[in-house]
Amino acid sequence: MRPLEDLCAIARQAAWAASDVLRAYYRGDQLAIEDQGDGPVTAADLAANQTILSHLQQELGSAEFGYLSEETYKSEGIPADRDWIWIIDPLDGTKDFIQKTGEYAIHLALVYQGRPELAIVACPEAEQLYAAVKGSGTVAFDRAGQTRSPRVSACAQLSELTVVVSRSHRDQRFNQLLAALPCQNQHAVGSVGGKIAAIVEQKADLYLSLSGKSAPKDWDMAAPELILTEAGGQFTHFDGQPLRYATGDLNQWGGRIASNGPNHRELCQILQTELARLL
């Protein structure tokens, strides 16, 4: 298999190409894709997905790699016969795409036996792309090819942490969890990738996710997790256990916490206690 650094370069190219596709739809430009009556967002999803898959499969084929995409898993299933699986979300933050907040993202992750080894989070409207290879740190790229190495904040005072939250997807149980935290500063951002980018850029320190009747999927979490952890943060279930991907159940049930790190264990304990009280 090619070195992960080479695979990361291929994934970056795919993500930039998909960014161009989404930006064109976002501005209402016409693209050469058939809209089968599902609306412009679905068309944008499908076009970006096809762009990513075409780039990856043309370069890498399917002998070594499986492909798990939000847009194709229902028809193609979960590639359970591969150790290496690409997990793809071509448009994370659909409501933000529709509402024109600009806070949508593209997620690409390469997982090995259930854990991420390579990740891309692209924020098309900000023209920023975050890339990480396990053990090599997170690198931020702009469209001119300039790079930097962002790191999470070192804030260790619980009361001073800022929680990045959604403008939507907040039910009563989740709001009760937020209210139980010793930190009440909040910063609203759309997609999961955008939320993790906010933590990496030191605009926030903490992100929570809690399943209800439905749950986030593998493609929501896999790429953002590695981007955060390679920038110095932590991303786990509320009980401190690592997330696993492409295991057969695409749902990430329960609670997940992403943080800048210093108070991660204490926050896990607070959240577990409060969640048990709410059940």
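**Reading folds and phi angles**

Reader: Let's start with one residue. Does alanine 246 count as buried or exposed?

Author: Alanine 246 counts as buried because its relative accessibility is 19%. Buried means under 20% relative accessible area, exposed over 50%, and partly exposed in between, with a 1.4 Å probe and protein chains only. Keep in mind that this is a predicted model, where local features need pLDDT of at least 70, side-chain atom pairs count only at pLDDT 80 or more, and totals for chains, interfaces and linings use all residues. Residues are numbered from 1 along each chain as its sequence is written, and side-chain values use heavy atoms, leaving out hydrogens and water.

Reader: Where does alanine 246 sit, and what is its phi?

Author: Most residues other than glycine have a negative phi. Alanine 246 has a positive one, near 55°. You'll find alanine 246 in the loop between strand 11 (234-237) and strand 12 (255-259). Helices (H or I, at least four residues) and strands (E, at least two) are DSSP runs, numbered from the N terminus.

Reader: Which loop holds glutamate 127, and what is its phi?

Author: Glutamate 127 lies in the loop between strand 4 (115-123) and strand 5 (128-133). Its phi is positive too, about 50°, although glutamate 127 is not a glycine. Glutamate 127 counts as partly exposed, because its relative accessibility is 34%. Add glutamine 202 to your list: this residue follows helix 6 (192-200) and has a positive phi near 65°.

Reader: Now the open sheet. How many strands does it have, and in what order?

Author: Two strands pair if DSSP finds at least two bridges between them. Here the open sheet has seven strands in the order 1-2-3-4-5-6-7, with mixed pairing. Strand 1 (65-69) and strand 7 (147-148) stand at the edges with a single partner strand each, so one side of each has no neighbour in the sheet.

Reader: How many bridges join strand 2 to strand 3, and do the two run parallel or antiparallel?

Author: Strand 2 (residues 84-92) and strand 3 (residues 105-112) run antiparallel and are joined by seven bridges. In that pair, isoleucine 88 stands opposite leucine 108 of strand 3. Two helices are worth a look here, taking contact as heavy atoms within 4.5 Å. Helix 1 (residues 4-26) packs on the sheet, touching strand 1, strand 2, strand 3, strand 4, strand 5 and strand 6 (138-142), and its direction makes about 30° with that of strand 4. Helix 7 (residues 218-229) also packs on the sheet, with its direction at about 95° to that of strand 4. Axes are lines fitted to C-alpha atoms, for helices over the stretch in contact, and angles run from 0 to 180 degrees between N-to-C directions.

Reader: Back to strand 1. Which residues lie on each side, and how does the strand join strand 2?

Author: In a regular strand the side chains alternate between the two faces of the sheet. In strand 1, Phe65, Tyr67 and Ser69 lie on one side, Gly66 and Leu68 on the other, and all are buried. Five bridges join strand 1 to strand 2, and the two run parallel. Glycine 66 has isoleucine 85 of strand 2 as its bridge partner.

Reader: How many residues of helix 6 are buried?

Author: Nine of nine, so to speak a mostly covered helix. Among the buried residues of helix 6 are Lys195, Ile196 and Val200. For a buried residue elsewhere, try alanine 43 in helix 2 (residues 40-60), at 4% relative accessibility. The C-alpha atoms of alanine 43 and glutamate 225 are separated by 27 Å, and the two residues are 182 residues apart along the chain.
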